[in-house]
Amino acid sequence: MKSLEQLVRPNIWALKPYSCARDEYKGKNASVFLDANESPYNNPLNRYPDPLQEDLKKQIAHIKGVVPEKIFLGNGSDEAIDLAYRIFCIPGRDNAVSIAPSYGMYKVCADINNVEFRTVELEEDFSLNAEKLLNAVSVNTKMIFLCSPNNPSGNSLDKAEIEKILLQFDGIVILDEAYSDFSAQESFRHRLEEFPNIIILNTMSKAWGCAAIRLGMAFASEQIIALFNKVKYPYNVNLLTQKKAMEMLQRPGDVERWVNTILNERESLMEAFAYLPCCEEVYPTDANFFLAKMTDATQIYNYLVNCGVVTRNRTTQPLCRNCIRITIGTPDENNALLAALRKYKN
């Protein structure tokens with residue numbers, strides 16, 4: 001790995017971050033707050049939230065097995081993705097490399113930041129070829145994006161291939177593990193010491209059932225997390241999100257039950273899909289969704305919408321011609337989907 005100073009944009013390395021009022025009195029006891037031009041009324045909503053979400057990070061650290069200093073929290077994982085471009089990539093010069101198909105926001109954030117985005121198609125079975133990906137790297141490649149389990153294919157990328165990239169690429173590797181709670185594969189967040197160039201993304205939107213509160217996580221070395229905190233907006237995670245997240249983190253038993261139910265439903269739904277005349281193939285998955293190749297994805301998608309069932313048509317994505325992505329719902333929702341497809345006529 002190159003040194004962080006070599007990888008970080010010079011203006012970011014030299015940046016003096018905004019110092020908010022709450023940072024300046026940190027570590028001191030206080031009961032009267034006349035520092036931040038807040039209203040003294042309507043407690044607690046009148047006060048700015050903790051800019052570094054310290055109490056929330058302590059709870060997440062306990063559950064995820066990562067010390068708070070190696071955790072960044074943002075407005076969804078998308079904030080961490082965007083910040084990575086702003087920290088590491090010089091607009092108009094540097095580039096990022098990713099797999100295809102994969103999560104669309106990697107490219108959107110690259111386009112917003114005027115960073116070239118290179119993609120390397122996965123193999124026909126959606127597996128990762130590390131050598132092929134590394135061949136797309138140039139001297140101006142600052143970041144590689146991987147998603148495992150991948151979206152929209154659902155499969156976990158081979159750990160050995162990921163390790164090859166981590167060992168041979170001298171830039172930053174961002175591994176998006178948004179769906180890892182549904183997979184038996186061990187998370188790379190437990191190997192931060194071994195791979196100082198890795199950033200792991202996770203979220204409360206999937207297994208934790210909290211997409212509405214928009215809380216994303218990034219796990220990385222303390223030095224990389226310090227850069228994220230340097231560049232982020234001062235109060236990027238609001239008080240309501242922090243409070244709701246802390247409440248949810250007290251319910252790991254509910255989350256475990258939800259995950260097990262989803263996995264059982266996933267198995268049943270995939271088995272049922274294999275018998276549908278309009279389904280040609282069901283791809284293996286480690287996520288809370290699966291990809292199915294249909295006889296005519298666009299026609300079937302539109303038919304399902306007319307039946308009141310919304311899926312995701314992925315037919316325009318690489319390797320996904322005539323594929324629909326199915327998120328696992330409740331038993332009743334899954335039965336409604338199957339009932340509609342059993343009535344479908346080609």
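This is a short chat about a predicted model and a few of its local features.

Visitor: Before we start, what do the numbers rest on?
Guide: Residues are numbered from 1 along each chain as its sequence is written, and side-chain values use heavy atoms, leaving out hydrogens and water. Because the model is predicted, local features need pLDDT of at least 70 and side-chain atom pairs count only at pLDDT 80 or more, while totals for chains, interfaces and linings use all residues.

Visitor: Phe126 and Asn37, what is unusual about phi there?
Guide: Phi of Phe126 is near 70°, a positive value in a residue other than glycine, and Asn37 has a positive phi of about 55° although it is not a glycine either. Most residues other than glycine have a negative phi.

Visitor: Is Phe126 buried or exposed?
Guide: Phe126 counts as buried because its relative accessibility is 2%, where buried means under 20% relative accessible area, exposed over 50% and partly exposed in between, with a 1.4 Å probe and protein chains only.

Visitor: And Asn37, buried or exposed?
Guide: Asn37 has 77% relative accessibility and therefore counts as exposed.

Visitor: Switching topic, which peptide bond before Pro101 is cis?
Guide: That is the bond from Ala100 to Pro101, with omega near 5°, and the peptide bond from Asn151 to Pro152 is also cis, with omega near 20°.

Visitor: Last one, what does Leu146 touch?
Guide: Not counting residues up to four places away in sequence, Leu146 touches several residues, including Ile99, Tyr106, Leu128 and Asp176, where contact means heavy atoms within 4.5 Å.
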